[in-house]
Structures are given as C-alpha cells and as structure tokens.
Amino acid sequence: MSSLLPDAAAGVPVPVLVALPAHSPLSARPLHYLHPHALPAGTLVRVPLGARQVLGVVWDGPEQPESDSVQLRAIGEVLEALPPLDAGWRQLVQFTARYYQRSMGEVALSALPPQLREVDGTQLARRLKKLDKAAVGSATEPAEAPLPLSAQQQAALATLQHQRLQAQGQPLPPALLFGSTGSGKTEVYLQAAAALLDEDAQAQVLVMVPEINLTPQLEQRFARRFPQHRMVSMHSGMTPAQRLQAWLAAHFGQARIVLGTRMAVLASLPGLRLIVVDEEHDPSYKQQEGARYSARDLAIYRAHHAGAGVLLGSATPSLESWHHSRPAGDGDAGGRYLRLCMPDRIGAAPLPRVRLVDMRQQPWQTVFSAALLAAMEERIARGEQCMVLLNRRGYAPVLHCGDCGWKSECPHCSAYRVFHKLDRTLRCHHCGFTERVPFACPSCGNQDLRTLGQGTEQLEEALAQQLQDLQRPDGSAIRILRMDADTTRHAGSLEQQLGQVHAGDVDVLVGTQMIAKGHDFRRITLVAALNPDSALFSSDFRAPERLFSLLLQAGGRAGRDAAIGSRSELWIQTQFPEHALFAALQAHDYPAFAAQQLEERAAAGMPPFSHQALVRAESRDQQQAQDFLNLALHSLQQYDPQGLVFGYPAIPMTPQRVANRERAQMLLETDQRQALLRLLPILSQLLQQHRPRGILRWAIDVDPLAI
Ligand code: ADP
Ligand code: ZN
Ligand code: ZN
C-alpha cells in the first residue's frame, strides 16, 4: 500500500485551527494543511474546508496529522500582513476551550472579529492603510488633569503601586476594589492606567464594563484623560467594520486602551499590562451560549499569565471575589486576592436612607403605597427626579378569565404570555410567540378579561394617572419616561432616553434593572423598588446576592449630587420587611450581608466552597432529556471511583418547555475542582456517544451562574 503522505516537494503539514461545529469529532484538534514551509504558530491563514475557504489560525501542534491516510489540502492564503497571534493569546484560547468544554477552533475563531473571516489579503491591506491613518495625530486637546485624590483613593493606588514594585516580574495577585457607589473607583482606574501607560510605551490597558450602554460614559472619561493615547471600544453594538478596525488596532499595539464588554477579554493584546473589570459582580460577564465563559474569571487567568495586574471593582462584589479577598486570621491564611476598601462617597451626600413599606398592611392590589406616592410628589414638586424599578416589562405578566379560569399560557412554552397593552398583544418572553389580545376569553367567550400582576407599562400608566394634577416647580406638566427592553429596541433610542434623564427632562423614570446600573443621574433623590420579593425565596441560591446588589446599586443612583442628595431615599415595597437582607441593606452593610450569605453557603457546601457544572439537554420529550443525562451520569461514575464529584439526578428546568422543547438539567458538584475538570471531557464524550436521536441539544455550563 502506498502512503498518501505528501512528499517534501508538496510541502510540510501545518496544524491549523478552524471553526467546526462544537461536537464534531474533528473539532477536538487542529486540522493539517500543506504549505511549502512551516509557519509560526498564531499566523492567520485562509484554508479550504469542504467547498469553502475559511479563516484559520496556525496552531502549536501536533506537527503531524493523526492519520496519514487523508490527503492533505494546501493552505489557500497566508495573511502575511498580520503579525501572528502571540503565545499568551493562544494559551488563553486553549485554557478557555478546555475549562469551558468547547473546541479550541470554536473559541479561537469566535474570539476574532467576524469580518476577518471574510477579507482576503488585498482587502486586509486596505484596512491596514486606514488603520495607520487613524493612528497619527489624534491628540488635539490637552489632557484633563488627574483629580486630587481622596485619602482612600490614594491609599488604594499606593497599595497597587507598592504591590507592582514588590512583584518584580512575579504574577501579581488580583486586586478587589471594594468601593461604595460614588466613592470614585473610576479615578482609581484612570490613575492606575496612567501610571502604566506613561512608563511603558507598549503598555496596553483593557477596561471591561458589563453592558454596552455603560461604555459611552467611561469612554468619555478615558478619552478626556488620555487624548494622547489611542483608545478603541469592543462590543456587540459595533458594525463589523468597526469591530475589525478596533481589533486590528489592539492587535498591532496601536490602541493603548481597549474598552469593552465581556468579548474584549479575548482580544489580541500583545502589550497587556492591566485589566480593569468594572462592576465585577455583574452577571453579564458570563457568556450564556457557546463557550459559556466568565469574562471576569478569564481576566484573572489572562492577567496572571501575562504578568499584568487585574483590578476588579464593585460596591457589591461577587461572593466569590469577596471570599477570595478575605483577610488572613484565625488559622486561615486569607484569600489570594488583595482587598482595597473605599467606603466613603466623594462629594456626594451620605448613602440614601432605606425605607421599607410593608405591603401586607396595604389595601389589596395596591401598586404604589400612599406613603411612597406622597414622597415622590414632594420630590417632583421640588424639581428632583424619581426612579421606579420593577423587573418585569409589559403591562401584566398574565391575562386571565375570572369565569372559566383561562390564562394566557404560551402554546409553545410552559409559561404565561405577557400582556402588552400599548400594542395590544400577548407576547411570550421566552419564545417570542406573539398574538393580538383576544377580544373575549378564547375558552368561554367572556369579554371581561383581567390582568394579574404588574409590569412597567402598568406602572407608567398608574403614575400618569395618580400624578396628573402635579406640576413641576415652573408650572409645566410632569414627564414620566419608561425604559426597558421594549423602549430601547431601536439603535440610538437608549442613548436618547438616557440623555433626556440627564438633561432633567424627565421627572419619573420607570424601568427594569437596566436603569439601575452604573448611570450617574445627578438629580435623582428617590429610588423605589416595587415587589422584589420573589428573589428572597428563589430556588437559585444566588438570587439574594443578585437582589442585594441590584438594590444597593439602584440606591446608589440616588443622592450623587451633594446639594440635594442629603434627602435621598431608597424605598422598597415588600411583603417581608423583616427579612435579614433588607436589614443589611438599611445599614448599607455589604460585609454583613456577605458574611451571612457565605456562612450559609459554607454550611450547604455551595460555591465558592464548592465547584459546579450544569449539564443541560433539550428534547421533545422531558423524560428522554432526563434519561439521557442520568445515563451519562451513571456511566461517568466508573471514572470517579472515589466519588469526588457528586451528581444530582436530572430535573426539569424552569421553564420546563420553551419553543416546544423540553429542557432538563443535571448539576455536578465537588469541592475538588481538578476532579471535575478531569471528568468533564469524559462526560462530554459519553454524552456525544450516547446521544439518542431525539436529543436536540446539550451543553455543559462550568461555574454556572443561574441554577
Ligand atoms: P464610582 O464608580 O465609585 O461609583 P465614580 O468614579 O463615578 O464613582 O465617582 C463619583 C463622582 O466623584 C464622579 O463625578 C467623579 O468625577 C467624582 N470624583 C471621583 N474622584 C474624585 C476626587 N478625587 N475628587 C473630586 N471628585 C472626584
Ligand atoms: Zn373564560
Ligand atoms: Zn413561548
């Protein structure tokens, strides 16, 4: 039999990563292509895959294909204009793929800007010319001077500086900046960045924010401070062309500051010296599809291996980061992070007073208690702003018939369709199924359909009615603005609405949690949270943590202007005013809340005291989905004879059915992360091998955030 291995004249095999479907048997390792000579790892190439030419990355090995019976195809084109992706980036990709149980090709290629997949060498050359033009002569305005630091800011920065000098090339421990809302964390980021950018002309700083709508504000502050340095953004709201330009600027080291959402953690940053993760507790840092990575956790990994610093900032840190930054004491060596505290607000009033309204004492179906309304009226009359939070969009979560009991269930999901009054639709927020509101009960013909519960549309309506006689100090009519996913769907609408609030055109802002985060609204002196109770008793053990942080962040929107802020208040309407979470909130005592939560988690062996992975499966049939998971778990046990990893039998997810797919999940838990990481690839293989026809999808979520 003659070997099909290429002869030397045809070239040498080069390992190349390409994007293959996640569970394809080929996807586990690089494919091999022929090239006249070897290419350095990290080189970008275009290679044939089936009938297409696709983008690929030359990888570190293996140098020979696994089997020599396959005819290798030739590399189509080498994108020579681009320097190879560096070893640090490749290591990050490898780690991400292995840790989150995805293929390296998928992770590598999805970390590159989509447009890079389409351009050939000639088109790329044109982009690069543009890039050079943008790089020259950008500094026209003088840089804004750094602010004189508060004592707490100074102490935080001094500690960081000291730590950097001490490290002498050793990896720096991650630093957690625990600072109240308004304590001036941004100034610490700016000055920490300035120190590095000044001393090293190659240094790059990556600044991450949880959400796109928070980038413009931070962008402005960095741009004013560093007009001499090129800065680029990276987030999903940019056009493909913009994303490519930003990526190239970072890859060539021209962009000294990269500001972005979670995707930015995978950018090519050859000069990376510092990563800032603002609002590090925010769940948006966790990717919820494909490779379900935590950008915060990857930032920590990446910084460690790049010899860069990492600065996590929050007023309500994740319990993980809080735990990892605990001080030493009592036979405990302490966490491996450094904790920096800035409890005081700068130039702002004290933190808002927290007022609880006991909704059990209110008339049935009260939306706004009389006391809350009165407090709002008082503020509006003074020309101050109020913010009302309710985490539910639409008019009412359920429409129902009092006669026969019909409810607005979604035919495709085990969930109710939400009543949207403005466009008179019933909409499923899970699968998107939308119909016009029926004129009469579809089941019995009764024309008197009723709503159950409230959404933001209803709040807007109720407020308009209840505040209709009220005027602004200048005698003009008051304005209520609703902001939620429905009002901000169109490009630019979010910015426009935020602009109205900043300009003072809005007296009452009603919205979902999107308005609670990060925004620096100067004139808000009252924030009200309506009905946050479901999180108190959720089956998800992280729900209280999220609620506490949401409420504290929301309260932090109030009283940022010292002149009026001393009167600022956070109102909470609840059925459980005696709950410990609210007591901690009233005292603005995150450490007390965290201590209590961590105690519970330790007792129950939950993260951060254990490590978890969640396996999900979808099928037309719930039993099949569960059986599939349980069977894999059963087979997995022979690979874990010591029983280091505990698997809970599969259960239905909530909602159980979405878009006619039955969903089940199975939780794995261990106090030994390595054991879990060793077993997951085996589990992955078992699932793939024993996947019956009816299983539509399955996925592994490592360190899941929502259970
Ligand atoms: P945080 O991110 O901690 O909530 P910010 O960084 O937004 O707080 O700071 C709150 C406000 O305080 C901002 O308007 C900022 O300009 C101002 N500020 C921060 N540091 C100082 C300082 N050292 N001196 C004066 N004002 C400051
Ligand atoms: Zn009916
Ligand atoms: Zn649905």
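A residue counts as buried under 20% relative accessible area, as exposed over 50%, and as partly exposed in between. The exercises below use this cut-off on a predicted model.

**Exercise 1.** Determine which residues coordinate the zinc ion (ligand 2), and how the donor atoms are arranged around it.

Solution. Start with the donors: the SG atoms of Cys401, Cys404, Cys441 and Cys444 coordinate the zinc ion (ligand 2) at 2.3 to 2.4 Å. Next take the angles, which run from 105 to 112° for the 4 donor atoms, so the arrangement is tetrahedral. Along the sequence these donor residues follow the spacing C-x2-C-x36-C-x2-C. Cys404, in the loop between strand 16 and strand 17, and Cys444, in the loop between strand 19 and strand 20 (449-452), are 40 residues apart, and the pair thereby links distant parts of the chain.

**Exercise 2.** Classify Cys404 and Cys444 as buried, partly exposed or exposed.

Solution. Cys404 has a relative accessibility of 37% and is therefore partly exposed; Cys444, at 39%, also falls between the two limits and so counts as partly exposed.

**Exercise 3.** Describe the site of the zinc ion (ligand 3), and establish which class of accessibility Cys413 and Cys431 each belong to.

Solution. The protein donors are the SG atoms of Cys410, Cys413, Cys428 and Cys431, which lie 2.3 to 2.4 Å from the zinc ion (ligand 3). Because the 4 donor atoms subtend angles of 107 to 113°, the arrangement is tetrahedral. Cys413 lies in the loop between strand 16 (398-401) and strand 17 (418-420), and Cys431 in the loop between strand 18 (425-427) and strand 19 (434-436), so the pair ties together parts 18 residues apart in sequence. Finally, Cys413 is buried because its relative accessible area is 1%, whereas Cys431, at 29%, is partly exposed.

Key
Residues are numbered from 1 along each chain as its sequence is written. Chains are lettered from A and ligands numbered from 1 in the order in which they are written. This is a predicted model: local features need pLDDT of at least 70, side-chain atom pairs count only at pLDDT 80 or more; totals for chains, interfaces and linings use all residues. Side-chain values use heavy atoms; hydrogens and water are left out. Donors are N, O and S atoms within 2.8 Å of the metal (3.2 Å for Na, K and Ca); water is not among the atoms, so sites may look incomplete. Four donors count as tetrahedral if all angles lie between 85 and 135 degrees; four count as square planar and six as octahedral if opposite donors are over 155 degrees apart and all others between 65 and 115; anything else is irregular. Helices (H or I, at least four residues) and strands (E, at least two) are DSSP runs, numbered from the N terminus. Buried means under 20% relative accessible area, exposed over 50%, partly exposed in between (1.4 Å probe, protein chains only).
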